[in-house]
Amino acid sequence: MGITPQQDPQNMSTFSQVDPQIAKLIKAEETRQQNSLQMIPSENHTSRSVMEALGSALTNKYSEGYPKKRYYQGNKIIDEIELLAIERAKKLFAVPHVNVQPYSGSPANTAIYFALCEPLRDKIMGLSLAFGGHLTHGAPVSISGKYFKAVPYEVGKDGLLDYTAIEKLAKQEKPKIIVCGFTAYPKTIDFARFGQIADSCSAYLLADISHIAGLIVGGAHPSPVPYVDIVMTTTHKTLRGPRGAMIMVTQKGLKKDPELADKIDKAVFPGLQGGPHDNQTAAIAVALREASTGAFKKYAAQIVKNSKALAKGLIKYGFKLSGGGSDNHLILIDLRSKNVNGAVAAIALEAAGIVVNKNGVPFDTMPPFYPSGIRLGTPAVTTRGMKEAEMTKIAAWINQTIDEIKKEKLPDDKQSLRSSTSSAGLKEKRAIFIREFRIRADQNKNLAKIASQVKALCQKFPIP
Ligand SMILES: Cc1ncc(COP(=O)(O)O)c(C=O)c1O
């Protein structure tokens, strides 16, 4: 075991002496990230400077309240840091008001709903989870669906937003808030059209740009700011900052409701949270500075180029992509045409060194734990400096991987009907299959061969 604080009163020992177990696990995770391709579209490799801010003495401070209005002493420096983060965000996104305190995206959305809606009475209209929305956009299992009346909308058969249908639903249901901005939508969002829809039924319009914030500030996706009242973003996806979130109020929002900024601030603190994570605030400020550079603009453009190149490569191998391709950082593969389950594919790809997530596809008939698709994206591999040529290689490896496991069939309903297995029995059968498949995938020589080629590529593109 490690050294205790009593054995080291001057705190001179290294991390690995104090806690060898955790230090070793962190090292192992760093190695995993280095030697494989991180292609979960909500992930990224943040900079060393962001990590330094996160691991700084700021983690020791309590600063409940807002700059110059704190409940604790000793906050002069923290005030400067938070004000700097706010100023940078205001400038970068061109908004008049920003709250940088939300711990993460889910509490930020929750605070917005509590700021504007009457619990158990008002309606929130967001894209259904099964069609690419986030849990916090009104899913029944989330506080957003439990405390507010959810009005879910869907994408059309082509996987694209059907603005006419959304408008019709909004006029019929008259929600208090409409949420636009998604978790698994590969195409450009028409924020101006959403603005018209919200205006037509006097709803507040919230753009949840968690996934595409980096593309927006980098000029690779249109900004929602002129058309919406509130913008929420996580800071750890394409924006490449620490885990965290920001809530912004636009000029349009302030015109509609002059108290909007105040309502949001009060809902974050003291409504939902206590002391802000000042180390996180500083790290957000660092990320915002990085995101305001010309280099970041190039990065954002490259994310999209890479996603389009990867989509093109996958289509060439006969993969069916939801929405027909990608306009942003994200690709949703519908594996039904390949007759491979998404959960099985994700396990096989991990064994091949390509880390993606299983994901439902529009009109999926499979349950969320065994969905029909996978979701992947290019923010993290682009941070490593990979370009279109590498995406072509990755498409080929994905194709080889799926080909390798095409005989692996998840037990299906038809089988359970034949053998009169109950739905609980089917669940158990599937769980056993997945457990055993994981072992088979880890022992598969062809997948290991792909993993070693992936590793060789990764070594040419170290994590910055
Ligand atoms: C669109 C969207 N909103 C909100 C969130 C929630 O963010 P967090 O996981 O930080 O709570 C996510 C996370 O994936 C997201 O994709």
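Mentor: A residue is buried if 20 or more other C-beta atoms lie within 10 Å of its own, exposed if 12 or fewer, and partly exposed in between, with C-beta atoms placed from the backbone. This is a predicted model, in which local features need pLDDT of at least 70 and side-chain atom pairs count only at pLDDT 80 or more, while totals for chains, interfaces and linings use all residues. Residues are numbered from 1 along each chain as its sequence is written.

Trainee: Which residues of α14 are buried?

Mentor: Helix α14 covers residues 342-351 (helices, H or I of at least four residues, and strands, E of at least two, are DSSP runs numbered from the N terminus), and nine of its ten residues are buried, so α14 is largely enclosed by the rest of the structure. The buried ones are G342, A343, V344, A345, A346, I347, A348, L349 and A351.

Trainee: Which elements do the buried residues of α14 pack against?

Mentor: Packing here rests on contact, meaning that the C-beta atoms of two residues, placed from the backbone, lie within 7 Å. By that test the buried residues of α14 meet strands β13 (354-355), β14 (357-359) and β15 (373-377), together with helices α16 (388-404), α18 (423-443) and α19 (445-460).

Trainee: Which residue just after α14 takes a positive phi?

Mentor: Helix α14 ends at residue 351. Just beyond that end, a positive phi of about 85° is taken by G353.

Trainee: Which residues of β12 are buried on one side, and which on the other?

Mentor: Strand β12 spans residues 330-334, and five of its five residues are buried, so β12 is largely enclosed by the rest of the structure. In a regular strand the side chains alternate between the two faces of the sheet. Both faces of β12 are covered, with L330, L332 and D334 on one side, and on the other I331 and I333.

Trainee: Which residue in β15 does I333 stand opposite?

Mentor: Two bridges join β12 to the antiparallel strand β11 (residues 320-321), where L321 stands opposite I333. Five bridges join β12 to β15, again running antiparallel. In β15 the residue opposite I333 is I374.

Trainee: Which are the edge strands of the seven-stranded open sheet?

Mentor: The sheet follows the order β4-β10-β9-β8-β7-β5-β6 with mixed pairing, where two strands pair if DSSP finds at least two bridges between them. Two of these strands pair on one side only, namely β4 (97-99) and β6 (149-153).

Trainee: Which residue in β8 does V179 stand opposite?

Mentor: Strands β7 (residues 177-180) and β8 (residues 204-208) run parallel and are joined by four bridges. Within this pair, the residue of β8 that faces V179 is L206.

Trainee: How far apart are the C-alpha centres of domain 1 and domain 2?

Mentor: The chain is divided into domain 1 (57-291) and domain 2 (301-460), with bounds from an automatic or database domain assignment. The contact takes 19 residues from domain 1 and 21 residues from domain 2, and the distance between the two C-alpha centres is 30 Å.

Trainee: Where does the largest nonpolar core lie?

Mentor: This core (buried Ala, Val, Leu, Ile, Met, Phe, Trp, Tyr and Cys residues joined through C-beta atoms within 7 Å) has 131 residues, among which I112 and I178 touch the most other members. Its largest share, nine residues, comes from helix α13 (residues 294-316). Both domains give residues to this core, so it lies between domain 1 and domain 2.

Trainee: Which residues does I178 touch, not counting those up to four places away in sequence?

Mentor: I178 is one of the two members of the largest nonpolar core that touch the most others. Leaving out residues up to four places away, I178 touches M125, A170, F194, I197, A198, A203 and L205.
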